[in-house]
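Colleague: I would like a close look at one part of this model, the annotated lysine and the annotated binding positions, with enough of the surroundings to place them. Please take it residue by residue.

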Protein chains: 2
Amino acid sequence: MTDLDTVRQMDAADPLAAFRQRFLLPEGQIYLDGNSLGALPRDTPARVADTVAREWGEGLVGSWNSADWIGAPQRIGAKIARVIGAAPQEVLVADSTSVNLFKLLVAAIGARPGRHVILTEPGNFPTDLYIAQGVAALLPRVDVRTVPRADIVAAIDPDTAVVLLTHVHYKSGALFDMAAITRAAHDHGALALWDLSHSVGAVELDLTAANADLAIGCGYKYLNGGPGAPAFLYVAARHQATLRSPLTGWMGHAAPFDFGDDYAAGAGVNRFLCGTPPILGMAALEVGVDLWLEADRAALFQKSRALCSLFIELVEQRCAGLGLTLASPAAADARGSHVSFAHADGYPVMQALIARGVIGDFRAPDVLRFGFTPLYIGYEDVWRAVEILRDVLDSGSWDTPAFRARAAVT
Amino acid sequence: MTDLDTVRQMDAADPLAAFRQRFLLPEGQIYLDGNSLGALPRDTPARVADTVAREWGEGLVGSWNSADWIGAPQRIGAKIARVIGAAPQEVLVADSTSVNLFKLLVAAIGARPGRHVILTEPGNFPTDLYIAQGVAALLPRVDVRTVPRADIVAAIDPDTAVVLLTHVHYKSGALFDMAAITRAAHDHGALALWDLSHSVGAVELDLTAANADLAIGCGYKYLNGGPGAPAFLYVAARHQATLRSPLTGWMGHAAPFDFGDDYAAGAGVNRFLCGTPPILGMAALEVGVDLWLEADRAALFQKSRALCSLFIELVEQRCAGLGLTLASPAAADARGSHVSFAHADGYPVMQALIARGVIGDFRAPDVLRFGFTPLYIGYEDVWRAVEILRDVLDSGSWDTPAFRARAAVT
């Protein structure tokens, strides 16, 4: 049995403890929703203010050159490349995760003529399924096939154009073996496209070692880039000359400032740019990525696993018999950096927790989801969260009309 | 001949003169590039700082509800609807102009089965042409047909699915008759899709009166929304139930927070949302739109025409024989809010002007472009800009290797 003294010793020995002070977090909360929206880095307000007042206000249109706004997609992309184990010229920051998925999915299908299947799993993050369905509705003879995750490898066949999977599942936190599934896709002539939204910054990623083809991911979760931060995309260097983006906007042109009438795809990954980059969001994202890169990543991933394992252990010990069922893999190396428990009244229970300052979130139909961000969550935070969870469940304080009333965003 | 005294009397009589103080503009510059990137409203830094520090930092994920982040696309869209003469439920703020164009172009083609032509003009803003070419490359049997603007109406025929035009030309400033061309499109069963990037906030727009079908536009020019501000899209209410976005991301789903596996298009214009809205950019854009809505629009459009006409008059008087040729319509009611002059050495001449504090821009191959934003440009600014232009041309001070050296963004 892990007791509070042990937990405090874990905090005292934590090599990442000082990073907590690099974030601005509200008093009186235990923020376990960094897997939905990461916390605010302490350096972000000044950087955004400088981008607004000096770069925009004083530099005006000249800042496209003088502040290198025009280079932000590649510059920040190269930093994210270090997070995911890619080469600098393989990653761009642009658009949203959904838009980037559309680009790469259509490009992947175009690169595999004669194959018509997008293979994915039911229960994948909705936008992945929806975008895939939209591609299938748009293009002739493209189908979306969903099979349970245990059957994915066996389902890859000569009709498979692309295997589209989320590396860490948004609800369960279950982790796919990226290298093994990518290999299986390649064995059958298919491409693999990975959604890294719940893994970037949260678990070890080495896209080069995994021989990954394509990936997309989110800037506002573990990269702490801010609400609706720009997303990123990865295209392996070996595919860049042949893949074509369907979103052929001017920023992806070979010479956008020649203002010619005919589209010519830009060099390398640049062709996957589309419109004008969102500079305020880029500025905030860059601070988050820079901060992440300061941390020792071995320590970070070790702490991530330790926080999640401690949470599971304490919940199972201290909340036994209170209606919770683990909805994440029990083994630390099979999970991302969040943990889910099912509860029949998950929605009001989560609202009651939030009212007590434990911020997680609810995912339909019955999942309480808790994210553990090693840069700003400590072991005693986990202890206190479990104590409050136990109290909420034990007291039945969650069972009120106010906690049952649904908000627009859950 | 208009003299400086007359110009100063025009400033003294300007009912919009006080708006100049609502912007933070650098000393010593005459900023005539608001048609590329609008200036910084005085209220924007505080609003963005509050969005970062309070809404994100303190409210964290709860701000999707408590700060109505989730409602920003519709809320700001309804404000832009007032600028363009649309109903509140016909406009959304989302993504970039290029991405929104892709959505609406594909939707328009889907709504006109059996028709295969996107009709547009050569020399349209490049991203419009490039996106149209990308759609033609993606979808079976879709072609892009370009005909000179004088021939557009005659070229609309039973093959035309959609007429895609930029309302105010990005280079010449020439204005299309939106109502007449839309009517001609409808007469032949086609849809009209208007790019309003250079007209929103700059010229009178009444999409309802013009019976417009579809439109897109930019947030960072005359709306002063900041670099890479989110763009907007307009779908006439009568088309909303039938048109389908190809970018079927989760934010366009009928019930995104049910997290179901199957896409179902959202109600009304909402189906044209895709990914998570970029909140920092939304906050800055909303300040710009709110500020625009404070101004008397009759006075604003009158001043816009007067500034442009004064510039043309003064250049023709005071820069005669110095190599400039008007590249915009001479008639004020045939123009937007910017004026272009061609010069054989346009690029270095513009760099020399910028070095003297007159900020316009250059558009290939030979165009000097000057934008006149009535909220923050006065008549004496126009006078002084012309004096500096005359001096630069007359002295030949533009003819140096440094001014000829090209920057990444021109």
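Modeller: What follows starts at the annotated lysine, goes on to the binding positions and their surroundings, and ends with the cysteines, the two copies and one sheet.

The model is predicted. UniProt, in an unreviewed entry, places the feature "modified residue: N6-(pyridoxal phosphate)lysine" at K221(A). This lysine lies in the loop of chain A between β9 (214-217) and β10 (232-235). K221(A) has a relative accessible area of 10% and is buried, because the cut-off for buried is under 20%. Apart from neighbours within four places in sequence, K221(A) is in contact with G34(A), N35(A), S36(A), G38(A), S197(A) and H198(A). With N35(A) there is also a specific polar approach: the side chain of K221(A) reaches the backbone oxygen of N35(A) at 3.0 Å.

H198(A), a contact of the lysine, carries an annotation of its own. The UniProt label "binding site", again from an unreviewed entry, covers T97(A), S98(A), F125(A), P126(A), T127(A), D128(A), T166(A), D195(A), H198(A), Y220(A), W250(A) and T276(A). These positions span 180 residues in sequence, and the farthest two C-alpha atoms are 30.3 Å apart, so they do not all gather at one spot. Two of the positions, T166(A) and W250(A), are taken in turn below.

T166(A) is found in strand β7 (residues 160-166) of chain A. At 2% relative accessibility, T166(A) counts as buried. Beyond residues up to four places away in sequence, T166(A) touches N124(A), F125(A), D128(A), F176(A) and D195(A). Among these, F125(A), D128(A) and D195(A) also carry the "binding site" annotation in the UniProt record. With N124(A) the contact is polar, side chain to side chain, at 2.5 Å.

W250(A) is found in the loop between β10 and α9 (279-294) of chain A. Its relative accessibility is 9%, and W250(A) counts as buried. What does W250(A) touch, leaving out residues up to four places away in sequence? In chain A the list holds P256(A), F257(A), F259(A), C274(A), G275(A) and T276(A). In chain B it holds S98(B), F125(B), T127(B), Y130(B) and Y220(B). This tryptophan therefore has contacts in both chains, taking contact as heavy atoms within 4.5 Å.

That brings in the relation between the chains. A rotation of 180° with 0.0 Å of shift along its axis superposes chain A on chain B, with an RMSD of 0.0 Å. The two copies are thus related as by a two-fold rotation axis. The same surface serves both copies, in that 99% of the contact residues of chain A recur in chain B.

C274(A), a contact of W250(A), leads to the cysteines. The count of disulfides over all chains comes to zero. C218(B) is in no disulfide, and the nearest cysteine sulfur, that of C274(A), is 13 Å away. C218(B) is buried, at a relative accessible area of 2%. C274(B) is likewise in no disulfide; the nearest cysteine sulfur belongs to C274(A) and is 12 Å away. C274(B) is buried too, with a relative accessible area of 1%.

Next comes strand β5. In chain A, V117(A) and L119(A) point one way from β5 (residues 117-120), I118(A) and T120(A) point the other way, and all are buried. This strand pairs with β6 (residues 143-146) of chain A in the parallel sense over four bridges, and the bridge partner of V117(A) in β6(A) is D143(A). In chain B, T120(B) is found in β5 (residues 117-120) and is buried at 0% relative accessibility. The side chain of T120(B) makes a polar contact with the side chain of N124(B) at 3.0 Å. A polar atom of the T120(B) side chain also lies 2.7 Å from the backbone oxygen of L164(B). Residues touched by T120(B), not counting those up to four places away in sequence, include V144(B), R145(B), T146(B), L164(B) and L165(B).

Last is a sheet in chain B. Four strands form an open antiparallel sheet in the order β11-β12-β15-β14. β11 (325-326) and β14 (361-363) stand at the edges with a single partner strand each, so one side of each is left without a neighbour in the sheet. β14(B) pairs with β15 (residues 367-371) in the antiparallel sense over three bridges, and D361(B) has R369(B) as its bridge partner in β15(B).

Key: Residues are numbered from 1 along each chain as its sequence is written. Chains are lettered from A and ligands numbered from 1 in the order in which they are written. This is a predicted model: local features need pLDDT of at least 70, side-chain atom pairs count only at pLDDT 80 or more; totals for chains, interfaces and linings use all residues. Side-chain values use heavy atoms; hydrogens and water are left out. Copies are superposed by least squares on the C-alpha atoms of residues with pLDDT of at least 70 in both. A disulfide is a pair of cysteine sulfur atoms within 2.5 Å. Buried means under 20% relative accessible area, exposed over 50%, partly exposed in between (1.4 Å probe, protein chains only). UniProt positions are given in the numbering used here, feature names are shortened, and annotations may be inferred rather than shown by experiment. Helices (H or I, at least four residues) and strands (E, at least two) are DSSP runs, numbered from the N terminus. A polar contact is a pair of N or O atoms within 3.5 Å; within protein, one must be able to donate a hydrogen and the other to accept it, and residues adjacent in sequence count only if both atoms are side-chain atoms. Two strands pair if DSSP finds at least two bridges between them.
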